[in-house]
Amino acid sequence: MLSCQKSLFDTPPRSDPSWNGTRRDSTGILDPDAPEPPPDFYATALCFGEDESADVVLFKNGEEVLRVPVSGRPEPERHRLLKGHLWTDACDGTEVVISRDGEERFRYPGDELLRGFLEVKGKLYTLGQRQGKEGFSLRVNGEERFSAPTGTILGGPDDNEWEGGAFSQDTSGVYYTYGIPLWKGEELLWEYRVMRENQVLKTLPAGSADAIFDIRVHNGIVYRSELRSSIRNTFCLVKDETYQAVEVATTEVPHYWKLTVVNEEILLKGYSTGIIGGKQYCYWLRTPSEIPFMVTDNQRIREMVTDGEHVAYLVESPEGLVRTAYLDKAGITFTSDRYELPSSRCIQLKKGVLGLALSTPDRQKHLLIRGREVQTLEFNGYFTSVQIH
């Protein structure tokens with residue numbers, strides 16, 4: 001059961017005339033001042049049959065529009081939404097096959113799990129981590145552009161702030177980072193190489209920081225978040241070689257330290273435990289000197305997203321079940337603890353519209369939430385991602 005504290009979202013219901021995608025006034029003439037129709041809302045799910053078979057299902061605005069059989073082991077990492085299309089990959093241990101909307105696009109030899117996936121000007125970039133051994137390959141439309149026999153890709157598909165997973169991009173190219181493990185006696189250190197396609201853009205020597213949490217390229221500048229004991233165990237945001245120490249309250253214990261772009265500015269994303277703003281849990285997007293986006297609660301906060309103006313987040317029970325979903329200060333409360341967020345890819349906020357997909361632990365009943373629409377779906381499986389497009 002659902003109980004709404006107040007009207008949560010501003011999206012009109014399906015019965016509203018603007019749902020038909022045409023903006024007209026009462027005379028039937030196109031009205032340029034009428035509200036924009038709501039964006040399309042896509043969701044993916046893994047659905048299981050009685051014979052242990054599995055399908056990837058694509059929903060558009062709550063309706064099933066595509067069902068693709070899974071070849072091999074059903075893994076959420078082996079499918080993704082990209083501009084309204086369902087891309088899947090399958091691997092039998094010797095060959096990778098990549099398909100769009102169920103139709104094969106290309107295949108290549110190898111055994112890889114894709115950590116980066118990005119379409120740029122009609123070209124499909126993939127970044128595959130080799131399975132069972134070290135190394136990876138960068139491919140464009142299936143053709144190898146760069147590979148390394150040793151290396152671990154930094155980032156992956158769960159980095160939902162970045163459309164390409166482990167990739168980032170700007171007008172100068174497509175970027176990614178990989179780490180090379182090096183042993184110094186009994187100590188394991190990591191050298192990091194920042195790449196622009198097949199060229200080394202920057203090398204971070206092993207031991208240059210006590211810990212590096214994330215590395216991204218934005219507008220040609222290499223950003224990274226790290227911990228440095230040389231300046232009193234300080235968390236830093238580094239812009240090329242300019243270090244900025246992050247101001248951390250004495251009562252908070254911060255975690256995560258990922259990088260994201262909000263309003264064209266690189267921010268640090270993470271959460272803190274301790275006492276912040278009188279609460280025990282805090283999720284934030286911060287610069288070194290301020291926290292422009294922050295939510296706090298005495299219950300655990302699972303995920304926070306922003307479109308640069310609005311903020312949405314979930315509050316969970318100790319068992320990991322969603323109790324309340326908030327958009328800014330408006331909340332929808334789930335009166336019985338029965339739904340969970342299957343992954344961070346199952347929540348997105350765009351232009352003030354929140355898209356959310358929740359599943360039950362027994363994988364039978366599920367909720368799709370878009371704007372102020374709440375829809376119940378029943379199938380044997382769980383949601384894997386959402387996209388507002």
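Q: Why does Lys 269 count as buried?

A: This is a predicted model, and in it Lys 269 has a relative accessibility of 3%. Buried means under 20%, so Lys 269 gets that label.

Q: What makes Lys 269 and Glu 161 a salt bridge?

A: Look at the gap: the closest N and O atoms of the two residues are 2.6 Å apart. The cut-off is within 4 Å, from a side-chain nitrogen of Lys or Arg to a carboxyl oxygen of Asp or Glu. Lys 269 and Glu 161 fit that, so the pair is called a salt bridge.

Q: Which parts of the chain does that pair tie together?

A: Lys 269 sits in strand 23 (residues 265–276), while Glu 161 is in the loop between strand 13 (152–153) and strand 14 (168–170). The pair therefore links parts that are 108 residues apart in sequence.

Q: Is Glu 161 buried, partly exposed or exposed, and how do you know?

A: Glu 161 comes out at 26% relative accessibility. Buried would need under 20% and exposed over 50%, so Glu 161 falls in between and is partly exposed.

Q: How do you know that Glu 104 and Arg 107 form a salt bridge?

A: Their side chains meet at 2.8 Å, N to O. The limit is within 4 Å, so this pair passes.

Q: Why are Glu 104 and Arg 107 called partly exposed?

A: Glu 104 has 43% relative accessibility, and Arg 107 has a relative accessible area of 41%. Partly exposed covers what lies between the buried limit of 20% and the exposed limit of 50%, so the label fits Glu 104 and Arg 107.

Q: What makes Glu 373 and Arg 370 a salt bridge?

A: The N to O distance between their side chains is 3.4 Å. That is within 4 Å, so the pair counts.

Q: Which label does Arg 370 get, and which does Glu 373 get?

A: Arg 370 has a relative accessible area of 4%, which is under 20%, so Arg 370 is buried. Glu 373 has 21%, which is not under 20%, so Glu 373 is partly exposed.

Q: How many salt bridges does the structure hold, and which residues are linked in a network?

A: The structure holds 27 salt bridges. Lys 202, Arg 224, Glu 226, Arg 228 and Glu 241 are linked in a network of them.

Q: How many helices and strands does the protein chain have?

A: The chain has 0 helices and 34 strands. Of its 389 residues, 50% count as buried.

Key:
Residues are numbered from 1 along each chain as its sequence is written. This is a predicted model: local features need pLDDT of at least 70, side-chain atom pairs count only at pLDDT 80 or more; totals for chains, interfaces and linings use all residues. Side-chain values use heavy atoms; hydrogens and water are left out. Helices (H or I, at least four residues) and strands (E, at least two) are DSSP runs, numbered from the N terminus. Buried means under 20% relative accessible area, exposed over 50%, partly exposed in between (1.4 Å probe, protein chains only).
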